[in-house]
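Visitor: I am new to this structure and would like a close look at a single part of it, set in its surroundings. Please take it slowly, and explain each term where it comes up.

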Amino acid sequence: MGLQAYGIYLHGEKRFAEAVQAFRRCVALNPKAVSAWSNLALSYRGTHQYSEALEAIVYATRLEPSWHVAWLNLSTVCGLIGL
């Protein structure tokens with residue numbers, strides 16, 4: 001199982017802190033992996049680390065401005081923090 005797949009598995013199991021660590025390793029290995037940044041943001045959201053989630057998802061939108069999933073995740077995070 002790849003590292004990103006493992007992170008997705010952990011997130012699905014609601015093991016958000018572990019998922020954050022998996023996705024952080026993903027983006028350290030490949031800083032341009034937009035899906036890993038987006039998944040990192042979702043996992044940060046699961047740990048209630050909203051500022052970190054916002055930072056990760058904004059980075060994802062900058063990497064791939066046309067990827068609608070990142071923009072949807074950005075709107076979710078903004079809603080949670082009251083922006």
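Visitor: At 35% relative accessibility, what does Tyr59 count as: buried, partly exposed or exposed?

Guide: Tyr59 counts as partly exposed, with a relative accessibility of 35%; buried means under 20% relative accessible area, exposed means over 50%, and partly exposed lies in between, as found with a 1.4 Å probe and protein chains only. Before going further, it should be said that this is a predicted model, in which local features need a pLDDT of at least 70 and side-chain atom pairs count only at pLDDT 80 or more, while totals for chains, interfaces and linings use all residues. Residues are numbered from 1 along each chain as its sequence is written, and side-chain values use heavy atoms, with hydrogens and water left out.

Tyr59 has its place in helix H4, where helices (H or I, at least four residues) and strands (E, at least two) are DSSP runs numbered from the N terminus. Leaving aside its neighbours within four places in sequence, Tyr59 is in contact with Pro31 and Trp37, contact meaning heavy atoms within 4.5 Å. Gly7 lies 52 residues from Tyr59 in sequence, and their C-alpha atoms are 19 Å apart in space.

Another residue of H4, Ile57, gives a contrast, since at 0% relative accessibility it counts as buried. Not counting residues up to four places away in sequence, Ile57 touches Ser38, Ala41, Ala70, Asn73 and Leu74. The C-alpha atoms of Ile57 and Ser75, which are 18 residues apart along the chain, are separated by 9.6 Å. One of the partners of Ile57, Asn73, belongs to helix H5. Asn73 counts as buried at 12% relative accessibility, and apart from its neighbours within four places in sequence, Asn73 meets Ser38, Leu42 and Ile57.

The partners named so far lead to helix H3, whose buried residues include Trp37, Ser38, Ala41 and Leu42. H3 covers residues 34-46, and at 1.5 Å a residue its 13 residues should span 18 Å, which agrees with the 19 Å between its end C-alpha atoms; the expected span is 1.5 Å times one less than the number of residues. Of those 13 residues, 10 are buried, so H3 is largely enclosed by the rest of the structure. The buried residues of H3 pack against helix H1 (3-12), helix H2 (16-29), helix H4 (50-63) and helix H5 (68-81). Ser43, also in H3, is buried with a relative accessible area of 0%, and beyond its neighbours within four places in sequence Ser43 is in contact with His11, Phe16, Ala19, Val20 and Phe23.

Two loop residues deserve a word about their backbone angles. Most residues other than glycine have a negative phi. His48, just after H3 and in the loop between H3 and H4, has a phi near 65°, a positive value in a residue other than glycine. Lys14, found in the loop between H1 and H2, likewise has a positive phi near 65°. His48 is exposed, with a relative accessible area of 57%, and Lys14 is exposed at 62%.

Stepping back to the whole chain, there are 5 helices and 0 strands, following the pattern α-α-α-α-α along the sequence. The C-alpha trace spans about 35 × 25 × 15 Å along its principal axes. With 83 residues, a compact globule would have a radius of gyration near 12 Å, and the chain's 12 Å agrees with this; that radius is taken over C-alpha atoms, and the globule rule is 2.2 Å times the number of residues to the power 0.38. Buried residues make up 37% of the 83 residues. Among contacts with a separation of 6 or more, 42% join residues 24 or more positions apart, and the packing of H3 against the helices H1, H2, H4 and H5 belongs to this overall picture.
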